[in-house]
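Please look through the sequence and the model below before reading on. The paragraphs that follow take the loops, the helices and the core in turn.

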Amino acid sequence: RQSIEPLLATPAARGAIVSGKMLAACVIGLLSLLLTLLAFKLSAQIGTGMTRMLDVRLAAIGKMLLVLLPMLFIGTSLLTFLAAAAKSMKEAQSHIVWLMLLPMVPTFVLIINPIKTELWQFAVPFLSQNQLLLKIIRAEPIAPQVWAVYLLASFALVAVFWGLAVWRYRQERLAISG
């Protein structure tokens, strides 16, 4: 809506602008994530059969939140960078197809070629979330080094995408593209 030019004309630092945009998106994403986890808990509690065997205690839901929160930050930072790098709305929308398929890739790979879980897998986005969520709903213990690898790798990826978005916002071409 041609609102980026006035925003970039302010004396605010580009990092602050990118962080503010990401924070606003993360707040909405967090609300959506909390509602999704609540719906999962309620549906598992009223379900029958196999759903009764799922671990949906508050501690498990909290762990699921800890697993999914970095994905929220990765997604927000990736989308912020892609939006800043796109030359048009149409180009930005063209990324939607592969972005929707990306989280499904590890699941398909595991269906075709099941592998034994190893520590390095917890540094791979989407594969690590898949593995961790399965462990949580099965009430399996998760080692502290697994959490450390997962969280460090996830937030390192967020930092890379945030840095790329800030770099793109510092370019003059962003304000005059369109």
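The loop between α7 and α8 contains alanine 139. This is a predicted model, and in it alanine 139 has a positive phi of about 60° although it is not a glycine. Another residue with a positive phi is phenylalanine 126, at about 75°, and it is not a glycine either. Phenylalanine 126 belongs to the loop between α6 (105-112) and α7.

After the loop that holds alanine 139 comes α8. How far apart are the end C-alpha atoms of α8, and how does that compare with the span its 26 residues should have? At 1.5 Å a residue, α8 should span 38 Å, and its end C-alpha atoms are 37 Å apart, which agrees. The buried residues of α8 include Val146, Trp147 and Tyr150 towards the start of the list, and Arg168 and Tyr169 at its end. Ser154, Val158, Phe161, Ala165 and Val166 are also buried residues of α8.

Two helix pairs can now be described. Two packed helices are described by the angle between their axes and the distance between the axes. For α3 and α8 the angle is about 20° and the axes are 8 Å apart. Angles under 35 degrees count as roughly parallel, and α3 and α8 are therefore roughly parallel to each other. Their crossing is left-handed.

The pair α2 and α3 packs at an angle of about 145°, with the axes 9 Å apart. The crossing of α2 and α3 is right-handed. On the α2 side, the residues that meet α3 include Val18, Met22, Leu30, Leu33, Leu37 and Phe40. Among the α3 residues that meet α2 are Leu58, Ile61, Leu65, Leu68, Leu72 and Phe73. Polar residues take part too, including Lys41 in α2 and Thr76, Ser77 and Thr80 in α3.

These helices also appear in the nonpolar core. In soluble globular proteins, nonpolar side chains tend to be buried together. The largest nonpolar core here has 29 residues. Two or more of its residues come from each of α2 (14-46), α3 (58-85), α7 (127-137) and α8 (144-169). The largest share, 10 residues, comes from α3.

Which residues have the most contacts inside this core? They are Leu132, Ile136 and Tyr150. Leaving aside its neighbours within four places in sequence, leucine 132 is in contact with Val67, Phe122, Ile142, Val146 and Tyr150. Of these partners, Val146 and Tyr150 are among the buried residues of α8.

Notes. Residues numbered from 1 in each chain as written. Predicted model: local features only at pLDDT ≥ 70, side-chain atom pairs only at ≥ 80, totals over all residues. Heavy atoms only, no water. Core = buried A, V, L, I, M, F, W, Y, C linked by side-chain atoms within 4.5 Å. Buried < 20%, exposed > 50% of the residue type's maximum accessible area, 1.4 Å probe, protein only. Helix = DSSP H or I, 4+ residues; strand = E, 2+ residues; numbered from the N terminus. Contact = heavy atoms within 4.5 Å. Expected span 1.5 Å × (residues − 1). Axes fitted to C-alpha atoms, helices over the stretch in contact; angles between N-to-C directions. Parallel < 35°, antiparallel > 145°, perpendicular 65-115°, else oblique. Left-handed = near helix turned anticlockwise from the far one by under 90°.
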